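Visitor: I have a model open and would like to talk through its pocket and its chain contacts. Could you walk me through them?

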Amino acid sequence: MQTEIIIAGFGGQGVLFAGQLLAYAAMDNGLEVTWIPSYGPEMRGGTANCTVIIADEEIGSPIVRNPQVALVLNRPSLDKYEPLVKPGGLLVVNASLVDRNVDRRDIRTVLVPANEIAENLGDRRVANMVMLGAMLSNQPVLSLEAVTKAMEEHLLSRHRNLLPLNVAALQEGAKYLAEQLQSA
Amino acid sequence: MARELWKGNIAIAEAAVRAGLEAYFGYPITPQTELLEYLAMRMPELGRVFVQAESELGAINMVYGAACTGVRVMTSSSSPGISLMMEGLSYIAGTEVPMVLVDVMRGGPGLGNIAPAQGDYNQIVHGGGHGDYRPIVLAPSNIQEAIDLTMLAFDLAEAYRAIAVVLLDGSLGQMMEPAEMPPMRPLKTTYPDWAVRGAIGRERRVLSSIYLDPPLEEEANLRILRRWQQIEANEVRYKGYYLEDARFVVVGFGTAGRVALSAVRAARAEGIPVGLFRPITVSPFPDQVLRQLADQVEGFLVVEMNTGQMLEDVLRAIEGHAPVEFFARLGGVMPLPEEVLDEIKRMTTAPLTMDGHPRERWLQRMLQPA
């Protein structure tokens, strides 16, 4: 049993960190996990991304063509990963930076105004945690508590003052639930 | 021992430190640079030697000098940088001093790119520097193995006075996985009787790769060969998955091996009796085990991230006792499990042939899209 998660956005949106946090939480919960930054042909195109695979057995390939889950933090990432999510999978969209509708009807979609929520919390940079929170409440591969605990245990000490803000961002994001878009 | 999340390059660096690495010399190159960067911080804090040399040539010759003192010494690089080190590696082999080399392979030939590939197989396993020598080559496919094999590389290099190479690709260098780091081993306090560490109070020792008198060079060549025969007899390592009842076997090393594992599992879920054979030492190559497997199975599929370099070793090992097929992605493109699964299905449904070369059949398939 394994879950593949791709997190994609512009460089600087914290997609690599969001993936690492998931990896830490998976490890702390006794699961197998791989984290790999953008590699191969998908390097082109100005987006940063990482693939996290969480499983209960030795993980084979660290990359997949069709992930179970995609978190897209900007429009180019939506264009790229919307067609690739497995049927029945989950697409979490940063609605703040995406100016089009999602076309797929065979996947679950969560639209989260992650930048607005982050700005309301006081710091635009936690939009990645809002997205992660939204993912966790819709694809409970790990509990919100497990990820919060991983953040407490692995956040560098110089960033420790940012902990409450990041936890709040996770919790705000977790309030958004997926909808199965209906055909028009 | 708790599991921690390690990035491949950094895991190898820390494993080397814990194996008793006393001196590191290197030159930065992607996708290996984190290894050097980490040691630039770590070695001085332990009072050990770290030098970023002026070039790969400088680095490998500093390794040569340090190796002659009998300490544990290492360098690391990626494909183009490894090419630059070949002359020094040959001198080290000819002088019969131990060292560890890490090659984090990228797309090539030439400058190529910084994406993961396995195109250095022939250079590391069969070629490289001039003259008659063979390195021990260990090919990890996950981060725990990268740690364990790095530690082992130091032991093997020392035991056989040989070059031990840890051969991986850029994806393994860059990815993170949980792994257990073994405890720090104490630095060695005694040195072998060939090491040059100052000759006060004893007769001087000379270490060199020069044997101007051919019979003496012949003797040196035979000495190196006899050590190699011991390595072949004692140090072959591999891992098998689902082989007990397998009628077909996929063969892949390093990252290609772990990608193939995903495909093999997916095939098993569909009831296809396929297993995976993953060489861990690609030099010495697990000839005998593959030869035995060849009598038990209906066919092999070799998967690589090069145009079939290890394929030739598999063909040699199984001596025509089973049909072989081949699949590869090249130039920094990683194979996907879905692609390998398609190849497994093709192999297990279409009639297999012993005619022609597997590489040629693969090329023909590539050129005519389905």
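**Pocket and interface**

Guide: Bearing in mind that this is a predicted model, the largest pocket is lined by 27 residues, and those nearest its centre are F17(A), Q20(A), L155(A), L156(A) and H159(A).

Visitor: What volume does the largest pocket have?

Guide: The volume of the largest pocket comes to about 740 Å³.

Visitor: And which helices and strands supply at least two residues of its lining?

Guide: In chain A these are α1 (15-28), α5 (144-154) and α6 (163-173), and they are joined by β1 (4-7) of chain B. The largest share of the lining, five residues, is supplied by α1(A).

Visitor: How do the lining residues divide into nonpolar, polar and charged?

Guide: In the lining of the largest pocket, 15 residues are nonpolar, eight are polar and four are charged.

Visitor: Switching to the interface, how many residues of each chain are in contact?

Guide: On the chain A side 24 residues are in contact with 30 residues of chain B, and the area buried between the two chains is about 2300 Å², with carbon and sulfur atoms giving 60% of it.

Visitor: How many salt bridges are found across it?

Guide: The rule finds three salt bridges between chain A and chain B. E57(A) forms a salt bridge with R265(B), where the closest N and O atoms are 3.5 Å apart. There are also 11 residue pairs in polar contact across this interface, both residues being at pLDDT 80 or more.

Visitor: Which element gives the most to the side of chain A that touches chain B?

Guide: Both α1 and β2 (32-37) of chain A supply at least two residues of that side, and β2(A) gives the most, with six residues. The residues of the side of chain A that touches chain B comprise 13 nonpolar, seven polar and four charged.

Conventions. Residues are numbered from 1 along each chain as its sequence is written. Chains are lettered from A and ligands numbered from 1 in the order in which they are written. This is a predicted model: local features need pLDDT of at least 70, side-chain atom pairs count only at pLDDT 80 or more; totals for chains, interfaces and linings use all residues. Side-chain values use heavy atoms; hydrogens and water are left out. On a 1 Å grid over the protein atoms alone, a cavity is a set of points where a 1.4 Å probe fits but cannot get out, and a pocket is an open set with protein on both sides within 12 Å along at least five of seven lines; lining residues have an atom within 4 Å of a point. Grid points are joined across faces, edges and corners, and a volume is the space filled by probe spheres set on the points. Helices (H or I, at least four residues) and strands (E, at least two) are DSSP runs, numbered from the N terminus. Ala, Val, Leu, Ile, Met, Phe, Trp, Tyr, Cys and Pro count as nonpolar, Asp, Glu, Lys and Arg as charged, and the others, Gly among them, as polar. Contact means heavy atoms within 4.5 Å. Buried area is the accessible area (1.4 Å probe) that two parts lose on being put together, summed over both. A salt bridge is a side-chain nitrogen of Lys or Arg within 4 Å of a carboxyl oxygen of Asp or Glu. A polar contact is a pair of N or O atoms within 3.5 Å; within protein, one must be able to donate a hydrogen and the other to accept it, and residues adjacent in sequence count only if both atoms are side-chain atoms.
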